Amino acid sequence: MDDSVIQGIAGSAGGIVAMSATYPLIFISTRAAVETKNESKPVVQAVLDILKREGITGLYSGLNSSLLGIAVTNGVYYYFYERSRGAILKSRVGGKGLSTIESIITGLVAGSATTIISNPIWVVQTSQAVRTLHEGSNDGSRRPKRPGFIETVRGILAKDGIRAFWRGIGPALVLVMNPVIQYTVFEQLKNTLIARRTAKLRLASAVAATAILSDWDFFFLGAISKLIATASTYPYIVIKSRMQAGHSSALGYKSTLDGLLTVLQEEGIHGLYKGVGSKLTQSVLTAAILFAGQRRIYEITKKALLTAGKL
């Protein structure tokens, strides 16, 4: 089996584990991102209302579509990333890792392909999360029925047509820079750490050995790289969430830039960072678990395939 396919499978599995562990934070940050200044209910109160009406499972509305989305997103991203990375490394002599420019190019190729393929899934997930929070019984005693994946798809098709599944594709493509920044920072930090540890190892033992990073190294490198990426691109995440939830027409957003300017004018700089606390927490934890988990799953899968004689 091709190594990039194994990387893709490991990325999908790692993403599912990470998403399952941090989904309530995604739910909360999505709700905060799509709120506008005209909605007076605080995010905390909205969450408490959901817990009262639906219990703890209410915070997992849209989880199925999110798991599908993260599996597709990570699988496609890792596949294209590793294919592009492998092509660049094979084209030159030497064992050096990707340069900053090469990491950016690789990330742009992988990110663009992933965004176009996975956007419909995230439209469904966002619609499920937002719809559940806005629905409820009048007396607060009856738990509303949460829409399933197929039901949500049918609803979107009936209301807005097939094009609705690519709502928010503009800011989503801009947000390709998020994983580009993330993987570029990760790659450069990883290369620097390996180089420093290798130098110390060779100095201490006088043996031409190369340092190997641990799961905890990947965990912390993943967390740091995602923190930098999410903090620098969060305003686009807010606009993307509102557009994917179907709020852009009601809010009068003509484009991504128009959405950013409108939020600045009507809500101030604070409006572009609604839900940033829970989003940063979720993103950093998800990335840390993903990078550590993906590496371990990749090694286990490759070892199993070697044992089975399929590599």
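**Close-up 1. I101 in helix α4 of the predicted model.** Here we're looking at I101, a residue of helix α4, which covers residues 100–134. Is I101 buried or exposed? I101 counts as exposed because its relative accessible area is 56%, and the cut-off for that label is over 50%. Now bring T184 into the frame: along the chain I101 and T184 sit 83 residues apart, yet 8.5 Å separates their C-alpha atoms.

**Close-up 2. N178 and the residues it touches.** N178 belongs to helix α7, the stretch from 177 to 205. With a relative accessible area of 6%, N178 is buried, since anything under 20% gets that label. Which residues does N178 touch, once those up to four places away in sequence are left out? They are K226, A229, T230, T233 and I237.

**Close-up 3. The largest pocket.** This view moves to an open space. The largest pocket has a volume of about 760 Å³, and 28 residues line it. If you want to find its centre, look for R85, E187, K190, I194 and F218, the lining residues that lie nearest to it. Which helices each supply at least two residues of this lining? Those are α3 (63–90), α7 and α11 (276–307). Helix α7 gives the largest share, with 9 residues. Sorted by class, the pocket lining has 13 nonpolar, 7 polar and 8 charged residues.

**Close-up 4. The largest cavity.** Now for a closed space. How many cavities of 30 Å³ or more turn up in the model? The count is 1. The largest cavity has a volume of about 920 Å³. Its lining is made of 40 residues, and T73, W122, K226, K240 and K279 are the ones closest to the centre. K226 may ring a bell, as it is among the residues that N178 touches.

**Close-up 5. Who lines the largest cavity.** Stay with the same space and look at its walls. Helices α1 (3–34), α3, α4, α7, α8 (215–244) and α11 each put at least two residues into the lining. Which helix provides the largest share of this lining? That's α4, with 8 residues. And what does the lining of the largest cavity look like by class? Its residues split into 17 nonpolar, 20 polar and 3 charged.

Note on methods:
Residues are numbered from 1 along each chain as its sequence is written. This is a predicted model: local features need pLDDT of at least 70, side-chain atom pairs count only at pLDDT 80 or more; totals for chains, interfaces and linings use all residues. Side-chain values use heavy atoms; hydrogens and water are left out. Helices (H or I, at least four residues) and strands (E, at least two) are DSSP runs, numbered from the N terminus. Buried means under 20% relative accessible area, exposed over 50%, partly exposed in between (1.4 Å probe, protein chains only). Contact means heavy atoms within 4.5 Å. On a 1 Å grid over the protein atoms alone, a cavity is a set of points where a 1.4 Å probe fits but cannot get out, and a pocket is an open set with protein on both sides within 12 Å along at least five of seven lines; lining residues have an atom within 4 Å of a point. Grid points are joined across faces, edges and corners, and a volume is the space filled by probe spheres set on the points. Ala, Val, Leu, Ile, Met, Phe, Trp, Tyr, Cys and Pro count as nonpolar, Asp, Glu, Lys and Arg as charged, and the others, Gly among them, as polar.
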